[in-house]
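Work through the exercises below with the model open. Each task is followed by a solution in steps.

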Amino acid sequence: MMSLLCDDTVYMNRCIELALKGGGTVSPNPMVGSVIVCDGVIIGEGFHERYGAPHAEVNAIASVADQELLRRSTLYVNLEPCSHFGKTPPCSDLIIEKGIPRVVVGCRDPFVSVAGKGIAKLLGAGIAVTEGVLEAACVKLNEAFIKSHTTGLPFVSLKLAETLDGKIATSLGASKWITGEAARMEVHRLRARYDAVVVGEATVRCDDAELTVRHCSGRNPLRVVLDRRLSLPVESKIFNTEAPTILFASSAWEGLEKAGLLRERGVTVLFVREHAGELDLRQVLEELHKHGILSILVEGGSRLSASFIRERLVDKIYMFIAPKLFGGDALSSFAPLGISIPDDAVVLKFETPRFFGSDLLLEAYVQSL
Ligand SMILES: [Zn+2]
């Protein structure tokens, strides 16, 4: 029994490894990998390669040379097999049709038309189902997909690059560069894994940032600009045609001619409510969800980062820390959060730190807000 459990973990790890190969190309679908094992030997593997393409289980089953072996094999998959007709027929039907006697599932699918129904279908056909193998890792793998389907909001990550004393720009506002090349390369890889990159008007104005994926392979994420008063020049690099762009402005400025000029350039201009001089970030996220965006990486300055934190909308922070000091007159990573007693602090949970050159990357999940 022990060895069976250990083997299940090993094969589920392989599913996760395979699933990750679809990172950046399968969204808004989840990342899924599948392994088929017969008599302790992997006889088939597959993963979901891109949105609209066959599911992982279909690819894994198709990769098995002797289909007769399926009748005494175990199929491993990190996410519950689907039971509904989407872009492809249901995987649970295919598993039943092929006579696979055992299925091991990492975690359930939160998608409302699947949620437990795939597993119920397999059980109903007399298939032995083991659930929850490496469940935490499988949930984390598809954290954006799961959050988006359970809350109707995208998964929100903040990315910041700061000095050891928590500063993101000098007293004169200069920020190029705080971190080294290796850390900046990692930012490009991060962007390729998110559906959208979000910046505020101030960052665009300061850096004339383009926010595309360079220096590594990967698709360009959607660019999202928060420009409450529609004040950015139409010629800004962020409005080029390298990647699609959505601009959010306050509905108070809806009549401006500039919206039309931006739309002519291919920019999608959307208007949302504003409160106390700031865009309603929840409404921004709801709109992005409607546009099929599962995950966003906020690359704003201290004000935008603080606004997302204050509105309790952040799931995760990527903090690149350079071994440098800027001192007390420099700009802090976060604008005031209004916290006066330690018990009110925003609490996070660190992941294992990683080095990029001489810089440190700390990933942290927001625990309680
Ligand atoms: Zn499927």
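**Exercise 1. The metal site**

Task: Identify which atoms coordinate the zinc ion, and at what distances.

Solution. The model is a predicted one. Step 1: the zinc ion is held by ND1 of His-55 and by the SG atoms of Cys-82 and Cys-91, at 2.0 to 2.3 Å. Step 2: written along the chain, the spacing of these donors is H-x26-C-x8-C. Step 3: place two of the donors in the fold. His-55 sits in the loop between strand 2 (41-47) and helix 2 (56-62), while Cys-91 belongs to helix 3 (residues 91-97), so this pair ties together parts 36 residues apart in sequence.

**Exercise 2. Asp-39**

Task: Describe the backbone of Asp-39 and find the salt bridge made by its side chain.

Solution. Step 1: phi of Asp-39 is positive, about 50°, although the residue is not a glycine. Step 2: Asp-39 is located in the loop between strand 1 and strand 2. Step 3: its side chain meets that of Arg-72 in a salt bridge, with an N to O distance of 2.6 Å. Step 4: Arg-72 lies in the loop between helix 2 and strand 3 (74-79) and Asp-39 in the loop between strand 1 and strand 2, so the salt bridge ties together parts that are 33 residues apart in sequence. For the structure as a whole, the count of salt bridges is 19.

**Exercise 3. Cis peptide bonds**

Task: For the peptide bonds Ser-27 to Pro-28 and Lys-176 to Trp-177, give omega and locate the second residue of each.

Solution. Step 1: the bond joining Ser-27 and Pro-28 is cis, with omega about 10°. Pro-28 falls in the loop between helix 1 (2-20) and strand 1 (33-38). Step 2: the bond joining Lys-176 and Trp-177 is also cis, with omega about -10°. Trp-177 falls in the loop between strand 7 (167-169) and helix 7 (181-193).

**Exercise 4. The domain interface**

Task: Characterise the interface of domain 1 and domain 2 by its contacts, buried area and salt bridges.

Solution. Step 1: set the bounds. Domain 1 covers 2-147 and domain 2 covers 152-368, and their centres, taken over C-alpha atoms, are 35 Å apart.

Step 2: count contacts. Eight residues of domain 1 touch 16 residues of domain 2.

Step 3: take the area. The size of an interface is often given as the accessible area lost when the parts come together. Here about 960 Å² is buried between the two domains, and carbon and sulfur atoms give 48% of that. On the side of domain 1, Gly-24, Glu-143 and Lys-147 lose the most area, together 52% of what that side buries.

Step 4: list the polar interactions. Three salt bridges cross the interface, and five residue pairs are in polar contact between the domains. Glu-143 forms a salt bridge with Lys-316, their closest N and O atoms being 3.7 Å apart.

Step 5: break down the domain 1 side. Helix 6 (residues 143-151) contributes the most to it, with four residues. By class, this side has three nonpolar, two polar and three charged residues.

Terms used. Residues are numbered from 1 along each chain as its sequence is written. This is a predicted model: local features need pLDDT of at least 70, side-chain atom pairs count only at pLDDT 80 or more; totals for chains, interfaces and linings use all residues. Side-chain values use heavy atoms; hydrogens and water are left out. Domain bounds come from an automatic or database domain assignment. Contact means heavy atoms within 4.5 Å. Buried area is the accessible area (1.4 Å probe) that two parts lose on being put together, summed over both. A salt bridge is a side-chain nitrogen of Lys or Arg within 4 Å of a carboxyl oxygen of Asp or Glu. A polar contact is a pair of N or O atoms within 3.5 Å; within protein, one must be able to donate a hydrogen and the other to accept it, and residues adjacent in sequence count only if both atoms are side-chain atoms. Helices (H or I, at least four residues) and strands (E, at least two) are DSSP runs, numbered from the N terminus. Ala, Val, Leu, Ile, Met, Phe, Trp, Tyr, Cys and Pro count as nonpolar, Asp, Glu, Lys and Arg as charged, and the others, Gly among them, as polar. Donors are N, O and S atoms within 2.8 Å of the metal (3.2 Å for Na, K and Ca); water is not among the atoms, so sites may look incomplete.
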